[in-house]
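Dear colleague,

I am passing on the structure we spoke about, with its sequence, so that you can look through both at your own bench. My notes on what was found follow below.

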Amino acid sequence: MQAVPSFRLDSLFAAGAHLSGLLAGYGVLVLLFLMARVPAVEHGVGADRLARWHALGGRYVLSLCAGHGLLALCGYAAHTGDDLFTATVDLLGYAGVLTAVLGTALLAAVGVSSARAVRARLPYETWRALHLLTYLGAALALAHQLVGPDVAGSPLTLWLWAMLHTSVGVLLVWYRGVVPVRQALRHSLRVREVRDEGPGVVSVLVQGMGLDELRAEPGQFFRWRFLRRRLWHTALPFSLSAPVRDDMLRITVKAAGDHTRRLRRLRPGTRVLATGPFGALTAHRRTRRKVLLLAGGVGITPMRALFETLDCAPGELTLLYRAGSAAQVVLREELEAIARERGAGLHYLLGPSDGAYDPLAPQALRDLLPDLAEHDVFLCGPPGMADAATASLLRAGVPEAQLHVELFRF
């Protein structure tokens with residue numbers, strides 16, 4: 001830090017501005033790294049947990065950016081003796097300050113679009129497009145940092161700061177740009193067939209070459225980009241709904257927006273870019289002999305793949321499928337065939353989420369599985385259902401270490 005320790009008001013404001021600015025800059029770097037889709041990180045931590053960290057970190061970074069700007073403004077006003085309005089006008093005359101203001105405004109726009117109340121009203125495609133402003137906002141913030149005294153004042157600090165940003169930039173370009181194109185060319189992925197599975201639900205079969213090289217495991221997902229009009233610009237995460245067989249991958253998708261509704265009209269032969277596999281909800285998480293799979297809604301897709309492949313003796317594997325009604329149950333014939341073949345338990349927990357009877361209540365779960373606490377539990381579903389089920393399982397006596405959760409959302 002360049003500020004000399006002092007109890008003068010302008011010096012105190014300046015010290016706070018320097019510290020909050022450095023922390024905000026480092027925070028932006030961490031946020032970008034969390035979303036770089038580095039396979040080793042996503043496999044070890046889990047994509048949903050990384051997304052939660054990213055969202056939480058974004059709030060802190062925006063708070064630090066706002067604090068940095070306010071402290072810098074107050075420090076400048078205290079130093080010059082001007083009022084805040086005059087100090088603001090003077091500061092905006094500096095190019096480095098203007099880029100910081102623009103960068104912060106872009107990051108704030110992304111933050112507002114990600115707020116729960118706003119996000120619920122935005123189509124995924126719009127939200128994703130707005131989120132791309134993060135890169136421009138981060139670039140403008142970096143330009144501000146590179147001319148500021150905290151970084152530019154030391155050649156070593158300047159070099160380290162530039163190298164950190166360059167490294168994260170390379171990871172972003174490689175894993176979000178180069179890898180999907182390389183996989184598409186190597187495996188020649190194309191749509192083979194689209195099957196109706198129920199109201200608003202389709203399975204998409206994707207054929208390719210050398211798919212064993214992907215090492216995709218049941219429970220994992222890819223980010224899919226279908227190269228046709230009105231679909232090519234957006235990549236969405238969909239879990240494999242069946243194990244990889246020979247040259248075929250399968251996903252099962254519920255229409256939840258314009259993009260997913262258009263999948264029904266995919267034609268055989270459509271080229272596909274797929275990045276992955278991602279996700280840590282695999283057999284490697286298992287710690288117990290008995291396993292309970294608990295799915296909510298279309299979160300059944302990774303559970304269905306695990307239901308077929310987990311190494312369990314008859315009676316050691318159970319699947320609970322939470323749905324609003326029988327009409328909303330997806331892949332029912334497949335699930336029942338697997339249950340018969342493997343001697344596994346299969347129960348449908350039907351009814352509205354606000355009904356008088358809660359099939360996910362602790363006692364209801366213990367009635368179905370008296371030895372519930374002896375099971376590993378793999379849970380996948382919408383955030384509300386997953387939170388309620390997690391709380392019930394803990395109250396029912398399942399140790400937290402035996403809970404393996406992945407939220408099913410875009």
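Is Arg245 buried, partly exposed or exposed? With a relative accessibility of 39%, Arg245 counts as partly exposed, although please keep in mind throughout that this is a predicted model.

Salt bridges

I begin with Arg245 since its side chain meets that of Glu308 in a salt bridge, with 2.2 Å from N to O. Arg245 sits in the loop between β4 (236-239) and β5 (248-254), while Glu308 belongs to helix α12, so this pair ties together parts that are 63 residues apart in sequence. Glu308 is itself partly exposed, at a relative accessible area of 26%, and the side chain of Glu308 also meets that of Arg304 in a salt bridge of 2.5 Å, again from N to O. Glu308 and Arg304 are 4 residues apart in helix α12, which means that about one helical turn separates them. In general, an α-helix has 3.6 residues a turn, so residues three or four places apart point the same way. Arg304, unlike its partner, counts as buried, because its relative accessibility of 6% falls under the 20% limit used for that word. These contacts belong to a network of salt bridges that links Arg245, Arg250, Arg304, Glu308 and Glu334, and the structure as a whole holds 9 salt bridges.

Another of these salt bridges joins Arg289 and Glu316, whose closest N and O atoms are 2.5 Å apart. This pair, too, links distant parts of the chain, with Arg289 in the loop between β6 (272-278) and β7 (290-296) and Glu316 in the loop between α12 and β8 (317-323), 27 residues apart. At 11% relative accessibility, Glu316 counts as buried.

Helix α12

The helix that holds Arg304 and Glu308 deserves a look of its own. Of the 10 residues of α12 (residues 300-309), 8 are buried, so the helix is largely enclosed by the rest of the structure. The buried residues are Ile300, Thr301, Pro302, Met303, Arg304, Ala305, Leu306 and Phe307.

The second largest pocket

What volume does the second largest pocket have? About 1,200 Å³ of space lies in it, and of the 40 residues that line this pocket, those closest to its centre are Ala17, His68, Ala72, Val97 and His144. The elements that each give two or more residues to the lining are α1 (9-34), α3 (47-80), α4 (84-91), α5, α8 (133-147) and α9 (149-152), with the largest share, 10 residues, coming from α1. Sorted by class, the lining consists of 23 nonpolar, 15 polar and 2 charged residues.

A nonpolar surface patch

Leu92, Leu98, Val101 and Leu102 together make a nonpolar surface patch of about 320 Å². Of these, Leu102 has its place in helix α5 (residues 95-114) and is partly exposed, with a relative accessible area of 45%.

Backbone details

A few places in the backbone may be worth checking by eye. Gly276 and Pro277 are joined by a cis peptide bond, with omega at about 5 degrees, and Pro277 is placed in strand β6. Arg37, which is not a glycine, nevertheless has a positive phi of about 60 degrees; Arg37 is found in the loop between α1 and α2 (39-45) and counts as buried, at 8% relative accessibility. Arg215 likewise is not a glycine and has a positive phi, of about 55 degrees; Arg215 is found in the loop between β2 and β3 (221-226), but counts as exposed, at 70% relative accessibility.

Two buried strand residues

Lastly, Ser203 lies in strand β2 (residues 201-207) and counts as buried, at 0% relative accessibility. The C-alpha atom of Ser203 is separated by 36 Å from that of Leu136, which is 67 residues away along the chain. Phe238, found in strand β4, is buried as well, with a relative accessible area of 3%, and the C-alpha atoms of Phe238 and Arg223, 15 residues apart along the chain, are separated by 6.4 Å.

With best wishes

Technical notes: Residues numbered from 1 in each chain as written. Predicted model: local features only at pLDDT ≥ 70, side-chain atom pairs only at ≥ 80, totals over all residues. Heavy atoms only, no water. Patch = residues over 30% accessible without salt bridge, like charges linked within 9 Å, V, L, I, M, F, W, Y side chains within 5 Å. Areas by Shrake-Rupley, 256 points an atom, 1.4 Å probe, with all protein chains shown as cover. Salt bridge = Lys/Arg side-chain N within 4 Å of Asp/Glu carboxyl O. Buried < 20%, exposed > 50% of the residue type's maximum accessible area, 1.4 Å probe, protein only. 1 Å grid on protein atoms, 1.4 Å probe; cavity = no way out; pocket = protein on both sides within 12 Å on 5 of 7 lines; lining within 4 Å. Points joined across faces, edges and corners; volume = space filled by probe spheres on them. Nonpolar A, V, L, I, M, F, W, Y, C, P; charged D, E, K, R; others polar.
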